[in-house]
Amino acid sequence: IHPEAVSGLGRGGGFDAFEAVAPREVKQLDIYLRSCARVEVFAQSRGRFIGVPKCEVVLRCLNSLVRAIAYAQEQGLETPIRLTVLDDHSSEDCVARIKAALTSAPCPTQFRALEGTGIGASLTEMYQLARAEAVDLIYFTADDYLHDERAVLELAQSYGRLAAVLRRDPVLFVSDYPERYKHVYPTHVLLGSHRHWRSVHNTTGVDLLSREILLKYWDIYMGFGQ
């Protein structure tokens, strides 16, 4: 990086990738978290390696998300945020604890009990709700994702930056798994807000996307619930 650059970020002449870009404006961030404490691990007989009840996992992960939202706002993120929990028939005690955790969130929240049950119904109802009420940016997450304090801020800022650089709406997959690194393939590495992002060939049901992308590929998303 050229030491005489006025901005301190770059020097032009082929190095403009280091210059700041005007990010895509995000009108609102709608977060949807799917929870289910009645089953320890879907489609598996083994228990979780941490050895605690699923409700405890749900609450720890939900609280981490709430803290990440608060941190983003403390750091000056002006994007309005709304948090929704869609619960798959957890016990009354666990539901009460989830609702209590939501009261500490520094943003509008809502709790919804699923009509159906199971992963398929959970995904379907979440997508339908997002289609009906989401304004702009959507973050689909799950009850076993433990969020770093800076996660929400990084998602919102990186999305705005990457969308501006790419001139299209990207989809961000917020978690990677060790086994993914066993398969080496060509990838794009892009600079986000404070972290780098790489291109991947597939994701789980936890991702960040625009409402336009959800509508454009609606049939595909609904297929995930089958």
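**Exercise 1. A patch on the surface**

Task: Determine which residues form a nonpolar patch on the surface of this predicted model, and how much accessible area they have together.

Solution. Step 1: the patch is formed by Val21, Val165 and Leu166. Step 2: together these residues have about 210 Å² of accessible area. Step 3: to place one of them, note that Val21 lies in the segment before β1. Step 4: the relative accessible area of Val21 is 34%. The range for partly exposed runs between 20% and 50%, and Val21 is accordingly classed as partly exposed.

**Exercise 2. The strand β1 and its cover**

Task: State how many residues of strand β1 are buried, and which of them point each way from the strand.

Solution. Step 1: strand β1 spans residues 29-35. Step 2: seven of its seven residues are buried, and the strand is mostly covered. Step 3: Leu29, Ile31, Leu33 and Ser35 point one way from β1. Step 4: Asp30, Tyr32 and Arg34 point the other way. Residues of both groups are buried.

**Exercise 3. The pairing of the strands**

Task: Establish which strands pair with β1, in which sense, and over how many bridges. Then find the strand that is joined to β2 by five bridges.

Solution. Step 1: β1 pairs with strand β2, residues 81-87, over seven bridges in the parallel sense. A partner can be named within this pairing: Arg34 has Leu86 of β2 as its bridge partner.

Step 2: β1 is also joined to strand β4, residues 137-142, by six bridges, and these two strands run parallel. Here the bridge partner of Tyr32 is Phe140 in β4.

Step 3: β2 is joined by five bridges to strand β3, residues 109-113, again in a parallel run. Leu83 stands opposite Thr109 of β3.

Step 4: the path between β2 and β3 can now be described. With helix α2, residues 92-102, these two strands make a β-α-β unit, and the unit is right-handed.

**Exercise 4. Salt bridges between distant parts**

Task: Find how many salt bridges the whole structure holds. Explain why the pair Arg24 and Asp136 ties together parts that are far apart in sequence, and then examine the pairs of Asp30 and Lys54.

Solution. Step 1: a search of the whole structure finds seven salt bridges.

Step 2: in one of them, the side chains of Arg24 and Asp136 meet at 2.8 Å, N to O. Arg24 lies in the segment before β1 and Asp136 in the loop between α3 and β4, so this pair ties together parts 112 residues apart in sequence. Arg24 is partly exposed at 22% relative accessibility, whereas Asp136 is buried at 5%. Arg24 and Asp136 are also linked with Asp169 in a network of salt bridges.

Step 3: Asp30 forms a salt bridge with Arg82, and their closest N and O atoms are 2.6 Å apart. Arg82 is in strand β2 and Asp30 in strand β1, 52 residues apart. Arg82 counts as partly exposed, with 23% relative accessibility, while Asp30 counts as buried, with 1%.

Step 4: Lys54 forms a salt bridge with Asp143, the closest N and O atoms being 3.1 Å apart. Asp143 lies in the loop between β4 and α4, and Lys54 lies in helix α1, so the pair ties together parts 89 residues apart in sequence. Both Asp143 and Lys54 are buried.

**Exercise 5. The cysteines**

Task: Decide which cysteines are joined by a disulfide, what its handedness is, and why Cys36 has no bond to Cys94.

Solution. Step 1: the count comes to one disulfide. Step 2: this disulfide joins Cys55 to Cys94, with an S to S distance of 2.3 Å. The distance can be compared with the cut-off of 2.5 Å for a pair of cysteine sulfur atoms. Step 3: Cys55 is in helix α1 and Cys94 in helix α2, so the pair links parts of the chain 39 residues apart.

Step 4: the torsion about the S-S bond is about 105°, and therefore the disulfide is right-handed. Step 5: Cys55 is buried at 12% relative accessible area, and Cys94 is buried at 0%.

Step 6: the cysteine sulfur closest to that of Cys36 is in Cys94, at 9.2 Å, which is too far for a bond. Cys36 is buried, with a relative accessible area of 4%. Cys61 is buried as well, with a value of 5%.

Note on methods
Residues are numbered from 1 along each chain as its sequence is written. This is a predicted model: local features need pLDDT of at least 70, side-chain atom pairs count only at pLDDT 80 or more; totals for chains, interfaces and linings use all residues. Side-chain values use heavy atoms; hydrogens and water are left out. Buried means under 20% relative accessible area, exposed over 50%, partly exposed in between (1.4 Å probe, protein chains only). Helices (H or I, at least four residues) and strands (E, at least two) are DSSP runs, numbered from the N terminus. Two strands pair if DSSP finds at least two bridges between them. A crossover is right-handed if, with the strands pointing away from the viewer, the path from the first strand over the helix to the second runs clockwise. A salt bridge is a side-chain nitrogen of Lys or Arg within 4 Å of a carboxyl oxygen of Asp or Glu. Patches are made of residues with over 30% relative accessible area and no salt bridge: like charges are joined within 9 Å, nonpolar side chains (Val, Leu, Ile, Met, Phe, Trp, Tyr) within 5 Å. Accessible areas come from the Shrake-Rupley method with a 1.4 Å probe; for residues, only the protein chains shown count as cover.
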